[in-house]
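Hi everyone, thanks for coming. I'd like to walk you through one chain today, starting from a single side chain and working outwards.

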Amino acid sequence: MLRHIVPVLALLLVTGCSSHSSGGKAASSGGWNHWVCDSQAEVQWRYVDPSRSVVDLKLGEDDVVHHLEEEPGGSGAFYSDGLIGLSIKGDQGLVYWVESNDLIGRGCKAR
């Protein structure tokens, strides 16, 4: 009987962990966090791995997913793919175009 209970408990544990989200309001599908910036830019993002060293990010309604890797930075966490930069400090962030250093939005947070 024990060998039947262990797989069920393992499944329940994995299911519970996969529904956990951090960093703001999670969208209903896929654990995406939905943030709005002071510029009214909308950003959806999620941690890809438990180490939080990789973030997937989408801008607005765009289906393009930018795969950002953590890079050394000041306070907070900084992620980039060479095209877009995302800086997260506490419960808010800053998003910008890396090459031109043009701001997409600051004060981005769950609203």
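Let's begin with Asp56, which is buried, with a relative accessible area of 11%. Buried here means under 20% relative accessible area, exposed means over 50%, and partly exposed is in between, with a 1.4 Å probe and protein chains only. This is a predicted model, where local features need pLDDT of at least 70 and side-chain atom pairs count only at pLDDT 80 or more, while totals for chains, interfaces and linings use all residues. Residues are numbered from 1 along each chain as its sequence is written, and side-chain values use heavy atoms, with hydrogens and water left out.

So which residue does Asp56 meet in a salt bridge? The partner is Arg46, at 3.9 Å from N to O. A salt bridge needs a side-chain nitrogen of Lys or Arg within 4 Å of a carboxyl oxygen of Asp or Glu. This pair links strand 2, which holds Arg46, to strand 3, which holds Asp56, 10 residues apart. Arg46 itself counts as partly exposed, at 25% relative accessibility.

Now have a look at strand 3 as a whole. Strands are DSSP runs of E, at least two residues, and helices are runs of H or I, at least four, numbered from the N terminus. In strand 3, 6 of the 6 residues are buried, so the strand is largely enclosed by the rest of the structure. Val54, Asp56 and Lys58 point one way, and Val55, Leu57 and Leu59 the other. In general, side chains in a regular strand alternate between the two faces of the sheet.

What are the neighbours? Strand 3 pairs with strand 2 in the antiparallel sense over 5 bridges, and with strand 4, also antiparallel, over 4 bridges. Two strands pair if DSSP finds at least two bridges between them. Follow Val55 and you see both sides: Tyr47 stands opposite Val55, and in strand 4 the bridge partner of Val55 is Leu68.

The turns are worth a glance too. Between strands 2 and 3 there are 6 residues, and Arg52 in that turn has a positive phi of about 60°. The hairpin of strands 3 and 4 also has 6 residues between the strands, with Gly60 at a positive phi near 55°. Asp63 lies in that second loop and is exposed, with a relative accessible area of 68%.

One last pair: Asp38 forms a salt bridge with Arg106, with the closest N and O atoms 3.6 Å apart. These two sit 68 residues apart, Arg106 being in strand 8. Thanks, everyone!
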